[in-house]
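User: Please take a close look at one part of this model for me, and give the cut-offs as you go. One connected walk-through would be great.

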Amino acid sequence: MSAAYHAFRQHGDHISKFYITTPIYYVNSVPHIGTAYTTIMSDILARWHRLAGDDVFFLTGTDEHGEKVAKAASANGESPKEFTDRISVKFIDVWKKLNISYDRFIRTTEAEHTKTVDRFVQLLSDSGDIYKGEYAGWYCVPDETFLTELQLVNGRCPECGREVKWVKEEAYFFRLSKYKDRLLEYYKSHKDFLSPEFRSKEISNRVEGGLKDLDITRISVDWAIGFQPDPKHYIYVWIDALTNYLTGIDWPDGEKFKEFWPADVHVVGKEINWFHSVIWPAMLMSAKIELPRKVFAHGWLTVAGEKMGKSKGNAIDPVQLADKYSADALRYFCAREISFGRDGDFSEAKLVERINNELVADLGNFLNRVVTMAEKFDGKIEGEPELEGKLDLDGIRKSMDELDTLSALDTIWKFLGELNKYVNDKAVWKLEGKELSNALYNLLEGARIISILISPFMPDTAARMSEQIGVKLGTLKDCKFGEFNGKVSKKGFLFKKVDTKA
RNA sequence: AGCGAGGUAGGGUAGUCUGGAGUGCCCGUCGGGCUCAUAACCCGAAGACCGGUGGUUCAAAUCCACCCCUCGCUACCA
């Protein structure tokens, strides 16, 4: 987010809008730790902006067309419709478990979406950017899968190892090549568009190398949206998937579209960065629709140092983790351990380490010791703010504007450290009367502020914290020392220490 | 092959664009303090020729050149 935007928001009560999207997930497999990572990070950003008072729209959903889905369905003895209905619910369930606060869950099989695709194709066509040509490529007949030269393994299908066939078929193309210069121009004049910065370089370099027109239809695929101008053709992936961001806010005439477009950030994995940074903007230019403000490509997770994959059998189920350690612990880990944008490593041992050291020892223990002392005290808790200067709220804001959750949490934990230190330095347990009241005032106000600041990361923990302090969970505006008027009541630990000896 | 990223104490990272004492964070190790608290909290210390070589500069982790190692991308794996 730009400095200008930031300054703007700090003046007066103007409410900014914030439209954030995750990729839509392909339903041929259930959510794994990688999918969960993308969605959790997006949710944290969405919640942060709500906390800051922005009007937020957060979109996620599932990508449900394609031959692989049709195949998976028939392998299960189901129709594609039955299959996608069933699997998409699994995604919804997982997001519920992980406390994902999306505003809309879109499915590309919705009737609304077909309308979007039809209109969108019409616009591209109106701009003269669609033409009929011939697609040629490798095709695995039994798998019904199109393959690129590079995907082949020893000239055979990477999935089943069988021979592939060189096929040619009539297809419609989008004039992607036409947009090379305009794209490069756009990247240049909108420095924040592609991030992190190194991705921007990566994309610019590749675009400079030239763009090939893109085949957008197929004949031999039929679990897909029809191509209106020529009914024997079907839309092949690109347009179908990318336009979900428009359908999600009721393009072209809906109120939501008017309020929320352009998207403020498309959060994507690095593997689909190309589609969002090149193909999508080019198509939007062709359709004469404003471009999104930012495409953020995050890195990938390895699992205990190894690349994750079905064949490796090391795919991690986020639901199991959430059941075992709580969704909040998992969410915290994602935001605290991995530099958003770079590749990171996930391992249960690291997760447990973070839980025991940071969530149990620093945070949970802090609340517990303060609440214990406060409960014993029967006077009125009031005093002078002594710790205000220890909180770098602007620093946290700035970090979050830069999507740097790691340093935002770092700064929050610094403040937490100051609170713990204050307990020791003042030997609060030895104080009495006015002095005790004053110390408790500072500690409880500190705890209250922390509960607000961590709420985007750990909504459940934040709620339980404010409940013990006996105050209503506030927003970013309330992150300053004021009058304390909570009623403290101890209600057990925020996090339980994980036994690592077992 | 091309393009990109990374190589910073025992491990993991930030800092590099906009050069200025090796500066920070998390874990681990060692010593001390405290006993309100979940064997938690607080303080202090040890530990790094910042991948290598050469160059620019009063000054280089940071800029330039070359080299070595690891990883990724190359057109739907989040």
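Analyst: Contact here means heavy atoms within 4.5 Å. The model is predicted, so to speak with limits: local features need pLDDT of at least 70, side-chain atom pairs count only at pLDDT 80 or more, and totals for chains, interfaces and linings use all residues. Residues count from 1 along each chain as its sequence is written, chains are lettered from A and ligands numbered from 1 in written order, and side-chain values use heavy atoms, without hydrogens or water.

Let's start with Pro 252. Apart from its neighbours within four places in sequence, Pro 252 is in contact with Arg 119 and Phe 257. Pro 252 sits in the loop between α9 (244-247) and α10 (255-260) (helices are DSSP runs of H or I, at least four residues, and strands are E runs of at least two, numbered from the N terminus). The C-alpha atoms of Pro 252 and Phe 120 are 9.8 Å apart, with the two positions 132 residues apart along the chain. At a relative accessible area of 27%, Pro 252 is partly exposed (buried is under 20%, exposed over 50%, partly exposed in between, with a 1.4 Å probe and protein chains only).

Now for the helices. α13 (residues 327-337) packs on α14 (residues 348-376) at about 95 degrees, and their axes are 10 Å apart (axes are fitted to C-alpha atoms over the stretch in contact, with angles from 0 to 180 degrees between N-to-C directions). That is why α13 and α14 are roughly perpendicular (65 to 115 degrees; under 35 is roughly parallel, over 145 roughly antiparallel, the rest oblique). On the α13 side, Ala 329, Leu 330, Tyr 332, Phe 333, Arg 336 and Glu 337 meet α14 residues including Leu 351, Ile 355 and Leu 359.

α14 turns up again at the RNA. It gives 13 residues to the surface near RNA strand B, the largest share (near means a heavy atom within 4 Å). Of the 56 residues around RNA strand B, the nearest are Trp 238, Glu 271, Asn 365, Arg 369 and Lys 497. Sugar or phosphate accounts for 61% of the strand B atoms within 4 Å of the protein, and bases make up the rest.

As for individual atom pairs, a polar side-chain atom of Lys 497 lies 2.3 Å from a phosphate oxygen of RNA strand B. Asp 410 places a polar side-chain atom 2.9 Å from a sugar or linking oxygen of RNA strand B, and a polar backbone atom of Ala 361 is 3.4 Å from a sugar or linking oxygen of that strand.

Note on methods:
A polar contact is a pair of N or O atoms within 3.5 Å; within protein, one must be able to donate a hydrogen and the other to accept it, and residues adjacent in sequence count only if both atoms are side-chain atoms.
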